[in-house]
Amino acid sequence: MATVAGDRPFVRAPADGRVRAAVRAAREAPVLAVVILGGLVVVALLADVLAPHDPTFPVPGAGVFDPPMWMEGGRAAAPLGTDFQGRDILSRLIHGARVSLIVGLMGTLVAGTIGTLLGILSGYVGGWVDQLIMRVTDAWLALPAIVFAIFLAAMVGPSMWNIVGILGAVYWTRYARVIRGEVLSLRERDFVKLAEIAGASRLRVIRRHILPNVLNTATVLASLTVGVVIIAEASLSFLGVGVPPPQPAWGLMLSEARPTLMAGQWWLTVFPGACILLIVLATQLFGDWLRVRLDPQARNL
Amino acid sequence: MLAFVARRVVYSLVTLFILSATIFLVVRLTGDPVLLLAEASASPEDLERIRRLWGLDRSWPVQYATFMQNAFRGELGLSFNYRLPVSELYFQRLPNSLTLGLAATLISLLVGVPAGIVSAVKVNTWWDSLAKGVALLGLSIPGFWLGLVLILVFSVYLRWLPTSGAGDWRHVIMPAVALGWYFAASMLRLTRSSMLEVLGSEYIKLARLKGLPDVVVIAMHAFKNALIPVFTLAGVNLVVMVNAAVIVEVIFAWPGIGRLLYEGIFQRDFPLVQGVVVMAGFMIVGINFVVDVLYAVIDPRIRLTR
């Protein structure tokens, strides 16, 4: 009894604010999203070890269009079935996670970097620089993203890294516009004015005072863009202007499944799409959580 | 008001200029279109002849000026593959895209608006959570995959609906759902937040204080004002859907402009691709202009900004 009573004040003692905040953040963290994303990252990193077969070669001994193992005619060698070349669906899905994550993350990174830098430049420098950047932003935003991406991909030619660059070029405009708005109000704040009066160079003001203050917004935007970029990659690959065969990309697998869709080989269509759905859902959940954490004003949206 | 409209016109024209210049440059920077036109074995003289025939021997600024001049006259050049004016091909396909876009808009409104209203009126109940879940799924399920799954379920297994092509209303259902799905989710989100904002406003509180029943407050007072942004978005979305339905049109073999773009890409028909993409930009700049002006008419404060 004495020990319990003695413990109480200790337990109730005010914890360090930071620790408490971290604990609360961990408790509110979207478990589902973190588990899915973490799992996919592990799968993507360890694809070579985890995949039972080479994703680009037929499974030895298996036929083409083998159904999943629990259906009649399925084999344990290809648990989720085989495709039109007799390749293992599971192995292709595992390696496809790598493509999706690389394109999703790198595309977002490229878009975010270009957009944030141009947004800061536009908002802070102002004048004709602002006019120029914003008019290009307006013009590029006017094209539906997917049409613009298809157009660029068709012109530049298919490859995974081209797609990263193309999606970066298509999606930076969203960042530029939002970040510029933030910078316009930051520019009028006292700490920026004081830094300028103290003789800090423009570059220093941007680096030390502006950039750190827009990074939250950029991070939230990025977390919400990843899913969009992943769907865009899948769409491009589906249309044949994205990741070229025989690479195992989910969008490409859907496109390869299409000619035989009417034969009812549902596993060729359902599994890759479910993977896309899962990864995008997880990034959306994670992005929503991050927005609430980093941007209190948006909590009611 | 006149000054506001004039400024908007100038902005729109500048936007169109940058947009078309971007597309024009990308087409020319990424490869020689003449090589796409000619046989692989064509002699240098043949190449030169083709170049002159298509006006590709002139300098880029001249080509661009000609292109823009023609564009404003509704001429988008000649398709390499069909040997027909691009505008003719485009306007042949446009009605089909409009049909699909209207059907998808209807679906997105029918799903998004009621769900958004329920979600706002019953905020923080499980109805709200359900609607949020639907919205999340709407943004996460790729429309084109939804289309493929619909084909599997309704065409392959149930045999209720035709898989592809255009004809009667049964052909429109699946592509419209696949296309409208994503937009339904965004409609739901906007309806919800717009309704929440209106329901929290003073005049709604007054209406409630007067003792009006909930149904009247929601249906007569809140609904009307909350839906202005929703219908604006629906209008903008319609234009986006008409232009951005490429994958859905490809999956369902719907003869719209999205499929025209897809065909253009695979036949390396660059005047066609260029024309379709430029038209998409023009239509969206156009609708943005209309929305800006309409909002300025509704709300005079907007006219004074910038």
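These exercises, each with a worked solution, concern a predicted model with chains A and B.

**Exercise 1. Describe the secondary structure and overall extent of chain A**.

Solution. Start with the element count: chain A has 12 helices and 0 strands. The order along the sequence is therefore written with helix symbols throughout, α-α-α-α-α-α-α-α-α-α-α-α. Next, take the extent. Along the principal axes, the C-alpha atoms of chain A fill a box of roughly 75 × 75 × 30 Å. Then compare with a globule: for 301 residues a compact one would have a radius of gyration near 19 Å, whereas chain A has 24 Å. Finally, consider burial and contact range. Of the 301 residues in chain A, 44% are buried. Counting contacts between residues at least 6 apart in sequence, 70% of those in chain A join residues at least 24 apart.

**Exercise 2. Repeat the description for chain B**.

Solution. The count for chain B is 14 helices and 0 strands. The C-alpha trace spans about 85 × 60 × 30 Å along its principal axes. Buried residues account for 39% of the 306 residues in chain B. With contacts again restricted to residues at least 6 apart in sequence, 71% of those in chain B join residues at least 24 apart.

**Exercise 3. Which residues of the largest nonpolar core have the most contacts inside it**?

Solution. The largest nonpolar core has 162 residues. Those with the most contacts inside it are Val147(A), Ala149(A), Ile150(A), Leu167(A), Val246(B) and Val276(B). By element, helix α10 (residues 202–239) of chain A gives this core its largest share, 18 residues. As a last step, follow one residue across the two chains. With neighbours within four places in sequence left aside, Val246(B) is in contact with Ile146(A), Val147(A) and Ile150(A) from chain A, and with Gly258(B), Leu261(B) and Tyr262(B) from chain B.

**Exercise 4. Is Ile210(A) buried or exposed, and what is it in contact with**?

Solution. Locate the residue first: Ile210(A) lies in helix α10 of chain A. Ile210(A) has 23 C-beta neighbours inside 10 Å, and the threshold for burial is 20 or more, so Ile210(A) counts as buried. Beyond four places in sequence, Ile210(A) is in contact with Ile120(A), Tyr124(A), Val183(A), Leu186(A) and Val205(A). A separate distance can be read for Val192(A), 18 residues away along the chain: its C-alpha atom and that of Ile210(A) are separated by 7.8 Å.

**Exercise 5. Which elements of chain A supply the side that touches chain B, and what is its composition**?

Solution. Begin with the two sides: 36 residues of chain A are in contact with 37 residues of chain B. On the chain A side, α6 (127–142), α7 (145–156), α10 and α12 (266–294) each supply at least two residues. The most comes from α12(A), with 9 residues. Sorted by type, the residues of this side of chain A are 28 nonpolar, 6 polar and 2 charged.

**Exercise 6. Compare the spans of helices α4 and α5 of chain B with the spans expected at 1.5 Å a residue, and locate the kink in α5(B)**.

Solution. Helix α4 (residues 60–72) of chain B has 13 residues, so the expected span is 18 Å, and its end C-alpha atoms are 18 Å apart, in agreement. Just after α4(B), Gly74(B) takes a positive phi of about 85°. Helix α5 (residues 86–121) of chain B has 36 residues and reaches 49 Å from its first C-alpha to its last, close to the expected 52 Å. The kink in α5(B) is about 30° and lies at Leu94(B), shortly before the proline Pro95(B).

**Exercise 7. Where do the residues Arg83(B), Ala253(B) and Pro246(A) lie, and what is particular about their backbone**?

Solution. Take Arg83(B) first. Arg83(B) is in the loop between α4 and α5 of chain B, and has a positive phi of about 55° although it is not a glycine. Only 7 other C-beta atoms lie within 10 Å, and 12 or fewer means exposed, so Arg83(B) is exposed.

Ala253(B) lies in the loop between α11 (246–251) and α12 (257–266) of chain B. Ala253(B) is not a glycine either, yet has a positive phi of about 45°. Ala253(B) has 13 C-beta neighbours inside 10 Å and therefore counts as partly exposed.

Pro246(A) lies in the loop between α10 and α11 (250–257) of chain A. The peptide bond from Pro245(A) to Pro246(A) is cis, with omega near 5°.

Definitions and conventions: Residues numbered from 1 in each chain as written. Chains lettered and ligands numbered in written order. Predicted model: local features only at pLDDT ≥ 70, side-chain atom pairs only at ≥ 80, totals over all residues. Core = buried A, V, L, I, M, F, W, Y, C linked by C-beta atoms within 7 Å. Helix = DSSP H or I, 4+ residues; strand = E, 2+ residues; numbered from the N terminus. Contact = placed C-beta atoms within 7 Å. Nonpolar A, V, L, I, M, F, W, Y, C, P; charged D, E, K, R; others polar. Expected span 1.5 Å × (residues − 1). Bend = angle between axes of the 7 residues up to and from the residue. Rg over C-alpha atoms; globule rule 2.2 N^0.38 Å.
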